Amino acid sequence: MQHIKNRQIISIGLAIFSMFFGAGNLMYPILVGMNSGANTTYGMIGFLLTAVFLPLTGLLAMILFDGNYTTFFERLGKIPGNLFILTSMIIIGPVIAIPRIITLSHTMTAPFLPFEVLRDSASLTSSFLFALIFLGITFLATFRENRIVDVLGNFISPILLASLTAIIIKGIFIADTIVPTTHSPLTDFSRSLIVGYETLDLLGAIFFSSIVLHILHNTLGGTIGHDKRTFAIIGLKAGGLGLSLLGIVYIGMSILGMYHGHNLIDANAGELFREIAFKVLGSGGAFLIATSVLMACLSTSIALAAVVGEYAQHTIFRNKIGYVPALTLTLLACVPLSTFGLGKVLALTAGPLVYIGYPLIITITLCNIAHKAINFDWIKLPVLITFILATISYIY
């Protein structure tokens, strides 16, 4: 029994790591190291607070709510709660997260693709065809929902970790001089804190945790019984493992940016990892670079598609269609923005949806944890205050 639990914890922990490590996670920690230079330690502290600690907080909150994100958000009231969920699904689905994954994956892997028609990431035709292929692979890995954790934990995550580890270790061994910086440590800390926002990983934690706990109930229910405490312990251990791995890889990626980010200040954000990996591995490492990118982007795409597809099935279509048709429609809805190019998708990431909406999600998460832990019942007023302050901050 204990052997089964430990094996499942490792598998789920690896799956959680790969769910989080997607498009933005390939470029943002490198940006932190490149922009912070000698202050990378301070930059990474800020980045880890919003890109690792916040997701861990979200995981804890969802465990306290038994993975039920509807109950989690409906503490605001039924209508506001459902609007929050709908907006979140739009953000992590067809409007920002999945198109960002696809466009970044295309930008990074374009030189390695076997067909000429796919190599021009700026071409509408090339982007459209790449999006269809990428979403088709996502569908094949996602349409059997209960197999998602196995696919991510036992196959994609080990390949992703191995390829990233090889690049990071080689990069550290051939490190040269640190990228210069003129910023103060406090400036780099605060800037990196905001960069961590743009990973959107708190949203991922809330909704990924929901689907992981749901799959846990389906796969382990007969093994360990439907004991909430046992499920909570397994979920927390697995989440801690996955997010610890995430933090370690972030630190390694920031070191790559710190030592190998020279002359890349004006580079396209989507090309940073590819260019630095080329510096570290040379042209002979092209296969490893492409593998890292595809595994990272595909793993998060699988998790997001499953979450949004399940939501569409149960909430949008009221169970009138099955999971597979709902998943298909979800993926097709991601095609339009996936063809517009990385720059346009990243511009959406930096808009009010993130800089006003994300602080609201943080406030809701903290209030809900306090509600479960110390019977703190206030939520509407803190969220309203946060909304006013975040709106003023964004405008000015």
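The protein chain exposes about 16600 Å². Carbon and sulfur atoms supply 68% of that area. The model behind these values is predicted.

## The chain as a whole

Of the 396 residues of the protein chain, 55% count as buried. The chain holds 19 helices and zero strands. Contacts between residues at least 6 apart in sequence reach far along the chain: 80% of them join residues at least 24 apart.

## Aromatic pairs

A pair of aromatic rings is described by the distance of the centres and the angle of the planes. The structure holds eleven aromatic pairs. Two of them are set out here, starting with phenylalanine 47 and tyrosine 250. Their ring centres lie 5.0 Å apart and their planes stand at 75 degrees, so the pair is edge-to-face. An angle over 60 degrees is what earns that label. The partners come from distant parts of the chain. Phenylalanine 47 belongs to helix α3, and tyrosine 250 to helix α11 (residues 228–260). In sequence they are 203 residues apart. Phenylalanine 47 and tyrosine 250 are both buried.

The next pair is tyrosine 69 with phenylalanine 207. Here the centres are 4.9 Å apart and the planes are at 70 degrees, so this pair is edge-to-face as well. Tyrosine 69 lies in helix α4 and phenylalanine 207 in helix α10 (residues 201–224), so the pair ties together parts that are 138 residues apart in sequence. Tyrosine 69 counts as buried because its relative accessibility is 10%, and buried means under 20%. Phenylalanine 207 is buried too, with a relative accessible area of 1%.

Tyrosine 69 and phenylalanine 207 also belong to one aromatic cluster. Its other members are Phe65, Phe72, Phe73 and Phe84. Phenylalanine 65 has a charged partner: the charged end of lysine 372 sits over its ring, 4.7 Å from the centre.

## Two buried polar side chains

Serine 299 is placed in helix α13 (residues 286–316). Its relative accessibility is 0%, so serine 299 counts as buried. The serine 299 side chain reaches the backbone oxygen of alanine 296 at 2.8 Å. Which residues is serine 299 in contact with, leaving aside its neighbours within four places in sequence? They are Ser18, Met19, Phe21, Leu152, Ile156 and Leu160.

Histidine 260 lies in helix α11, the helix that also holds tyrosine 250. With a relative accessible area of 7%, histidine 260 is buried. The side chain of histidine 260 reaches the backbone oxygen of glycine 171 at 2.8 Å. Glycine 171 is also among the residues that histidine 260 touches, not counting those up to four places away in sequence. The others are Ile174, Ala175, Ile276, Lys279 and Val280.

## One salt bridge

Side chains of opposite charge can pair when their charged atoms come close. How many salt bridges does the count come to? The count is one. The side chains of glutamate 74 and lysine 78 form it, at 3.7 Å from N to O. Glutamate 74 is partly exposed, with a relative accessible area of 26%. Lysine 78 is exposed, at 57%.

## Positive phi in two loops

Aspartate 66 and asparagine 375 each have a positive phi, though neither is a glycine. Where do they sit, and what are their values? The table sets them out.

| Residue | Phi | Loop | Relative accessibility |
|---|---|---|---|
| Aspartate 66 | about 55 degrees | between α3 (40–64) and α4 (69–73) | 45%, partly exposed |
| Asparagine 375 | near 60 degrees | between α18 (357–374) and α19 (380–395) | 61%, exposed |

The cut-off for exposed is over 50%. Asparagine 375 counts as exposed because its relative accessibility is 61%, whereas aspartate 66, at 45%, counts as partly exposed.

The loop of aspartate 66 runs between α3 and α4. Both helices appeared above: phenylalanine 47 is in α3, and tyrosine 69 is in α4.

How values were computed. Residues numbered from 1 in each chain as written. Heavy atoms only, no water. Helix = DSSP H or I, 4+ residues; strand = E, 2+ residues; numbered from the N terminus. Buried < 20%, exposed > 50% of the residue type's maximum accessible area, 1.4 Å probe, protein only. Phe/Tyr/Trp six-rings, centres within 6.5 Å; stacked < 30°, edge-to-face > 60°. Lys NZ or Arg CZ within 6 Å of the ring centre and 35° of its normal. Contact = heavy atoms within 4.5 Å. Areas by Shrake-Rupley, 256 points an atom, 1.4 Å probe, with all protein chains shown as cover. Polar contact = N/O pair within 3.5 Å; in protein donor to acceptor, adjacent residues only side chain to side chain. Salt bridge = Lys/Arg side-chain N within 4 Å of Asp/Glu carboxyl O.
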